[in-house]
Amino acid sequence: MVRSPTAPSRRRLDLWAWWGVATLIVATVLVLLTALHSYSADRDATNAALTDLRVAVTTEDTVWHEPSAAEFTRARASVTSALGGIRAVSMDAAERDHLTTLVDTYQSAADREMAYLAAGDTSAASAYDLATLDGDYARLDTALRAAVDDQALLDQRATTVAYVASLGVVLAAAAVVAILVRAAATRGRRTAVLEIEASALAERERSFRLLFEGNPQPMWVTNPETDEILTVNEGVLALYGYTRSAFLALRTADLIAEDGDPPMLPPGGVGEGERSFASVRHRTRAGALLEVEITVHGAVFEGHRVHVVLAHDVTERLALQRELEHNAFHDTLTGLPNRALFTTLLEHAHLRLRGRPGACAVLVIDLDDFRTVNDSLGHDIGDQLLVAVSRRLAAAVRPGETAARVGGDEFAVLLEDLESEAEAVATADRLLAALREPHRVGTRLLTVRATIGIATSGERDSASDLVRNAHTARYAGKERGRDRHEVFRHSMHAAAVERLGLEQELREGLAREELILLYQPKVDTMSGRAVGVEALVRWLHPTRGMLSPDLFIPIAEQSSLILEVDAWVIARACHQAREWRDAAATPLSMAVNVSARHLEGGGLLELVRRSLDETGIDPGMLELEITEGAAVGQQEQALTTLRRLREGGVRIAIDDFGTGYSMLSRLQDFPVDTLKIDRSFVSKIVSATTEAPIVAATIAMARDLGLEVVAEGVETEAQRLYLARHGCDLLQGYLISPPVDPAQLTAMLGRPLLRSLVGA
Ligand code: C2E
Ligand code: MG
Ligand code: MG
């Protein structure tokens, strides 16, 4: 119930009003009684005096001419007594004293009359005094009239007093009525307030029920003492899967999962208007686990202290949160620990084993040519292969060893408590052997090769030094051939640092124009005549001499530097092509190698156009070589670039064909004019039984597709003959010429570089 805060002061006010009215009534009644008492006394006195006067007058009328001494004395006595009564009414004590003095002073009637006149006394008493003093009974009439006037005055005063008293009574009565009316009104209002309060309470309970029942938020009400469930809404039934009657038969403790704890509530329950929060694990009727956040409100419901429990299902949120936490430390694809977790574990192990050099080792495992798998078979297959590899690794590591995925195709294994470096090497061997077994991905069997870098902890190495060293060893392993492991040696570090230095030097070398182009001729297989050249870059390093592209192109490809190298090569090659065109009768086509980075990054179209415009050479004379590995992975945007180049007349060649995961199946759609069969096949066509048919088949298929076929790295006459027999169009290799400078090449032109097979 809501109490009005103004009620006490109003009641105090009413009390004061009652007191005021009561005092007023009592005062009025007292005044009235006093006035009535004094009036009746005066009236009695004057009545007696009048009677006496009337007797005196009557006596004067009847016996005045001859009054006896006794009659006169009696008359005088009655007049004197009347005088006293009259005086009592008309004069106050001072006046009476004054009059008595006067009367005694002036003994003659004339003197006394003068004195009365001088005093302004025209009362009946003075008139009567004069009458009796000088025996002039005519004055008695005057005295009688004065007495009657006095009595009238007395009556008038009494009437005034009565009026005043009546007014007082009326006012008091009005006040009483007003107070009664007000009291009634207050009582009415109080009743109304009570009624309103009651209806507000009912409304509150009604809206509570509405809010409770219709609320999708699961809620129930319990008895805090017994934990019994008193009422429950639909939301709870939907969440917990109970019927209403089944739920009402429970106590809240029955909901708690076997491994969950009851909510921590304040001792003695939650007080009215207070709240308490808790996280609990509940079970649904079907037995499913529910993670619930509950808010317990203390309330009074239908006159009883209750707990209103609001349940908030956070099962999904917590699951997501746990997943996120797991994901923060695990790789989502393979489920292996990720780089962050690996680093933490490594730091922990490193700290624990400090002071024991070689006790801890990091193996960094890099899959060879994984990008080609992704590019040729698609990312889905690539992902599945990664999962298969991670399973293989996880199965191959021993207890206490941790395998993690630390990059795209990069894994790492942490070894602890080692006795010697040989143990780490043995583990690497084991892992390589495990990975070599073909992996089943869908319907395919795929083989994977890996390179492992091994680093064991040194005395002064930090955990991150260990990882960096393992990477350096892996890098060195790749350079020395793949499918192997390499143990970190400090000399490797120096090589890595040197590689970094080389990038900076190349940047400067490019600006200082230290790059040059050599040209290797391509000849017609049958006639042996030069039909074109391939531009191959060299770096004339100021201190190291001429550097091969294999040394610096991979470094340039790791940064945007390759774009600058390619741009320089294209421009330079186009200029050279124009010189030869202008000098020779037979034009030479110019082939230029373009990095995959350039296709991805764009800008190639503009670059080629500019070079063609500047030199004015026929676009058909320019051929861009893209390695098979780079070509297969290209997105639509890069293919569009290639198509537009071709539409402009520029030729496209696929370099090192056969080294990638064969793009034979995609050749039909690919914008290409020429296939260059890789040197590794050509070198084996005469000696090996497998490579020769592959080359023959590739040539046949390429010709079917209307493509030109170039064989790279032709070193022997036997190779030439085999290629000629199978219809290969052009040859390139040391058999004809190594890459040479422009002057040397110019000198070669004009004569056949190989003897003609035509007609042979
Ligand atoms: P590539 O385009 O396949 O070039 C052919 C490579 O084989 C050249 O090596 C060449 O000297 C070598 N070669 C030619 N005939 C024979 C032979 O009969 N026997 C043997 N053993 N080797 C032969 P080079 O010039 O060292 O180039 C290596 C690779 O560097 C090139 O392979 C190409 O992929 C890349 N490259 C060369 N110049 C450039 C360039 O200007 N830009 C880009 N992006 N890459 C280039
Ligand atoms: Mg090439
Ligand atoms: Mg090649």
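The shell around ligand 1 divides into 7 nonpolar, 5 polar and 10 charged residues, where Ala, Val, Leu, Ile, Met, Phe, Trp, Tyr, Cys and Pro count as nonpolar, Asp, Glu, Lys and Arg as charged, and the others, Gly among them, as polar. The model is predicted, and local features were accepted at pLDDT of at least 70 and side-chain atom pairs at pLDDT 80 or more, whereas totals for chains, interfaces and linings use all residues; side-chain values rest on heavy atoms, with hydrogens and water left out. Residues are numbered from 1 along each chain as its sequence is written, while chains are lettered from A and ligands numbered from 1 in the order in which they are written.

In total, 22 residues surround ligand 1, and the closest are N593, D655, R679, E715 and Y734; a residue is assigned to this shell if one of its heavy atoms lies within 4 Å of the ligand. Polar contacts (pairs of N or O atoms within 3.5 Å; within protein, one atom must be able to donate a hydrogen and the other to accept it, and residues adjacent in sequence count only if both atoms are side-chain atoms) were examined next. An N or O atom in the side chain of Q520 is 2.9 Å from a nitrogen atom of ligand 1. The backbone contributes as well: an N or O atom of V537 lies 3.2 Å from a nitrogen atom of the ligand, and one of Y734 lies 2.8 Å from an oxygen atom. Of the 780 Å² of accessible area that ligand 1 has on its own, the protein covers 86% (Shrake-Rupley method, 1.4 Å probe; for residues, only the protein chains shown count as cover). Two or more shell residues are supplied by each of β14 (530–541), α16 (549–557), α17 (561–583) and β18, with helices (H or I, at least four residues) and strands (E, at least two) taken as DSSP runs numbered from the N terminus. The largest share, 4 residues, comes from β14.

The magnesium ion (ligand 3) has as protein donors D655 (OD), D656 (OD), E712 (OE) and E712 (OE), at 2.0 to 2.6 Å. Donors are N, O and S atoms within 2.8 Å of the metal (3.2 Å for Na, K and Ca); water is not among the atoms, so sites may look incomplete. The donor residues follow the spacing D-D-x55-E in sequence. D655 belongs to strand β18 (residues 651–657) and E712 to the loop between β20 (708–711) and α24 (717–725), so that this pair, 57 residues apart, links distant parts of the chain. D655 also coordinates the magnesium ion (ligand 2), which is 4.1 Å from ligand 3. Relative accessible area is 5% for D655, which is buried, and 11% for E712, likewise buried (buried, under 20%; exposed, over 50%; partly exposed, in between; 1.4 Å probe, protein chains only). D656, in strand β18, is partly exposed at 23% and has a positive phi of about 50° although it is not a glycine.

A positive phi, about 55°, is also found at D369, another non-glycine residue, in the loop between β6 and α11; D369 is partly exposed at 44%. Helix α11 (residues 370–377) is mostly covered, with 6 of its 8 residues buried. These buried residues pack against β6 (361–367), α12 (379–396) and α20 (628–632), contact meaning heavy atoms within 4.5 Å. G378, with a positive phi near 95°, follows α11.

H282, in strand β3 (residues 275–283), is buried at 3% relative accessibility. Its side chain makes a polar contact of 2.6 Å with the side chain of Y240.
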